[in-house]
Amino acid sequence: MSNDHHSEGPRRVGQVKEVTSLSNPIVKDIKALSNKKDREQSGTFMAEGLKLVIDALELGWAIRTLVYAKAAKGKPLVEQVAARTVAKGGLVLEVSEKVLSSITRRDNPQMVVGIFEQRWTPLEDLRPSQGMTYVALDRVRDPGNLGTIIRTADAAGASGVILVGECTDPFSLETVRATMGSVFAVPLARATTEEFFAWQKRSGAQVVATHLAGAVDYRTVNYEKKPTVLLMGNEQSGLPEALAKSADRLVRIPQQGRADSLNLAVATAVMLFEARRHLLKLEDAG
Ligand code: SAM
């Protein structure tokens, strides 16, 4: 333990740096992760909560920095995570609640935050085989929708989510929050429309596109005979014609009432649980 109490800014206590100043450069770098540009440049992102950080480490995600509140100091699980972070060459920061609030932009922040390396799965590494379901999202814009879809894809046992075209960033704080940890469990790939078309041809999967003009009831498709890619349209404009045309099936979820359409995440959930109905059993829960 260091006895160095007089220096301002970061202070090394063993492998742990204590930080109380909002103007500390490391804190500034972490705060900058709220910008997509900074996340891309550093290739990192932030996840909040001890459970999430533990799960991510279990799943082999690379942690760069662990941040915890002073109040969490000495808690066995926090100490374990800190030791693992140091062992993997990461940095551990013990910070004031004020710093944690500022990093997470929350009044009552989680006690623990991890900065992890982003992980994208190359599209060609997604190899659909029997019993696999993928979700492909065309220009998804809303971070909450994307996070909810990643969480739902995880819960339904899907094998990955493909972001087609200019999409919202799955590693934004808002999306990561909405995934409730599933961002660490579901492979994420990105593709231009052309790359998606090329992959679709090679993949051997059936592409089932959802469209408000779809003529086929989504419940009549055979989801068992082939691996399936569920293709979902943009929140505002739906699927562009080229994507809709390239699909093997163009399906619709029948609706009643006054609503024009379902929310994208809700429609994706309906599709996922129908496409995987034959594979989901209560005994598999947990
Ligand atoms: N105004 C958009 C349109 O005309 O397509 C509405 C888009 S909707 C909010 C977002 C996406 O959710 C759609 O592109 C489609 O993939 C899916 N979706 C929503 N409701 C649906 C339904 N009843 N049947 C099939 N897909 C639906």
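**Exercise 1. Describe how helix α6 (residues 143–156) and α10 pack**.

Step 1. The axes of α6 and α10 come within 9 Å and cross at roughly 10°. Axes are lines fitted to C-alpha atoms over the stretch in contact, with angles from 0 to 180 degrees between N-to-C directions. Helices are DSSP runs (H or I, at least four residues) and strands are E runs of at least two, numbered from the N terminus.

Step 2. The model is predicted: local features need pLDDT of at least 70, side-chain atom pairs pLDDT 80 or more, while totals for chains, interfaces and linings use all residues. Residues are numbered from 1 along each chain as its sequence is written, and side-chain values use heavy atoms, without hydrogens or water.

Step 3. α6 and α10 are therefore roughly parallel to each other (angles under 35 degrees).

Step 4. Now the residues. Contact means heavy atoms within 4.5 Å. From α6, N145, T148, I149, T152, A153, A155 and A156 meet L264, A265, T268, A269, L272 and F273 of α10. By class, this contact has nine nonpolar, four polar and no charged residues.

**Exercise 2. Place N263 and find the backbone nitrogens that its side chain reaches**.

Step 1. N263 sits in the loop between β13 (249–252) and α10 (264–275).

Step 2. N263 counts as partly exposed because its relative accessibility is 38% (buried is under 20%, exposed over 50%, partly exposed in between; 1.4 Å probe, protein chains only).

Step 3. The N263 side chain reaches the backbone nitrogen of A265 at 2.8 Å. A polar atom of that side chain also lies 3.0 Å from the backbone nitrogen of V266.

Methods. Polar contact = N/O pair within 3.5 Å; in protein donor to acceptor, adjacent residues only side chain to side chain. Parallel < 35°, antiparallel > 145°, perpendicular 65-115°, else oblique. Nonpolar A, V, L, I, M, F, W, Y, C, P; charged D, E, K, R; others polar.
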